[in-house]
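Student: Could you take a close look with me at the nonpolar core, and then follow the contacts outward from there? I would like one connected account rather than a list.

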Amino acid sequence: MSQNKKTIQKYMDSFQETDHEKILSCLTENVIWEMPGVYLHHGKEAFDKEIENENFTGKPNITVFRMTEEDNVVIAEGNVVASFKNGDILNADFCDVFEMENGLIKKLVSYLMQKK
């Protein structure tokens, strides 16, 4: 497994455990996180605030089906299940596009499609 894929695996595992320190250790200082049409965060501080989104409770269950890498881009496809504070469940497939720099995530674009 390449260093970039190892970083993404560490990121996913740490996100599932809500381990802020480990998640942030996978990022460049000037990281960008975008979910088109939903949000655009710049920097580690903004990223950190989104790790535990105020609309959710508990820890997410993340399953990665496949990671594909070319040059310094890793694409992770998978599923996330999480509980909303209002009792609803998020059950969504995702495609995360990670742009890497020196083995760290410098940009993440997250595409999410909720299952019905």
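Tutor: Happy to. Let us settle one term before we start: a residue is called buried when its relative accessible area is under 20%, exposed when that area is over 50%, and partly exposed in between. Please keep in mind that this is a predicted model.

Now to the core. In soluble globular proteins, nonpolar side chains tend to be buried together. Here the largest nonpolar core holds 26 residues, and I8, Y11, M12, F47, F98 and I105 have the most contacts inside it. Many elements take part: α1 (3-16), α2 (20-24), β1 (27-35), α3 (43-51), β3 (56-70), β4 (73-84), β5 (89-101) and β6 (104-114) each give at least two residues to this core. Strand β5 has the largest share, with five residues.

Y11 is a good place to stand and look around. Setting aside neighbours within four places in sequence, Y11 contacts I23, C26, W33, F47, F98, I105 and L108. Three of these partners, C26, W33 and F47, will help us move outward.

Take C26. C26 counts as buried, because its relative accessibility is 1%. Could its sulfur be paired with another cysteine? A disulfide is a covalent bond between the sulfur atoms of two cysteines. The sulfur closest to that of C26 belongs to C95 and is 19 Å away, so it is too far for a bond, given that a disulfide needs two sulfur atoms within 2.5 Å. The count of disulfides therefore comes to zero.

C95 itself sits in strand β5, and at 25% relative accessibility it counts as partly exposed. Beyond its sequence neighbours within four places, C95 contacts I75, A76, E77, V109, S110 and Y111. The C-alpha atoms of C95 and P60 are 16 Å apart, with their positions 35 residues apart along the chain.

From C95 we can step to S110, which lies in strand β6. S110 is buried, because its relative accessibility is 5%. Its side chain joins that of D96 through a polar contact of 3.0 Å. With neighbours up to four places away left out, S110 contacts W33, E34, M35, P36, C95 and D96. W33 thus appears in the contacts of S110 as well as in those of Y11.

W33 and F47 also lead us to H41, which has its place in strand β2. H41 is in contact with V31, I32, W33, A46, F47 and E50, once neighbours within four places in sequence are left aside. One of these partners, E50, makes a side-chain polar contact with the side chain of H41 at 3.1 Å. With a relative accessible area of 17%, H41 falls under the limit and is therefore buried.

What about the next histidine, H42: is it buried or exposed? H42 lies in strand β2 too, at residues 39-42, but it is exposed, because its relative accessible area is 53%. Apart from residues up to four places away in sequence, H42 touches V31 and I32. H42 and K59 are 17 residues apart in sequence, and their C-alpha atoms are 23 Å apart in space.

W33 has one more role for us, in the empty space of the model. The largest pocket has a volume of about 720 Å³. It is lined by 30 residues, and F15, W33, F56, V80 and L90 are the closest to its centre. Each of α1, β1, α3, β3, β4, β5 and β6 supplies at least two lining residues. Strand β3 gives the largest share of the lining, six residues, whereas the largest share of the core comes from β5.

Let us finish in two loops. T18 lies in the loop between α1 and α2, and its phi is near 55°, a positive value in a residue other than glycine. T18 counts as buried, because its relative accessibility is 17%. N102 is found in the loop between β5 and β6, and its phi, near 50°, is also positive in a residue other than glycine. At 75% relative accessibility, however, N102 counts as exposed.

How values were computed: Residues numbered from 1 in each chain as written. Predicted model: local features only at pLDDT ≥ 70, side-chain atom pairs only at ≥ 80, totals over all residues. Heavy atoms only, no water. Core = buried A, V, L, I, M, F, W, Y, C linked by side-chain atoms within 4.5 Å. Buried < 20%, exposed > 50% of the residue type's maximum accessible area, 1.4 Å probe, protein only. Helix = DSSP H or I, 4+ residues; strand = E, 2+ residues; numbered from the N terminus. Contact = heavy atoms within 4.5 Å. Polar contact = N/O pair within 3.5 Å; in protein donor to acceptor, adjacent residues only side chain to side chain. 1 Å grid on protein atoms, 1.4 Å probe; cavity = no way out; pocket = protein on both sides within 12 Å on 5 of 7 lines; lining within 4 Å. Points joined across faces, edges and corners; volume = space filled by probe spheres on them.
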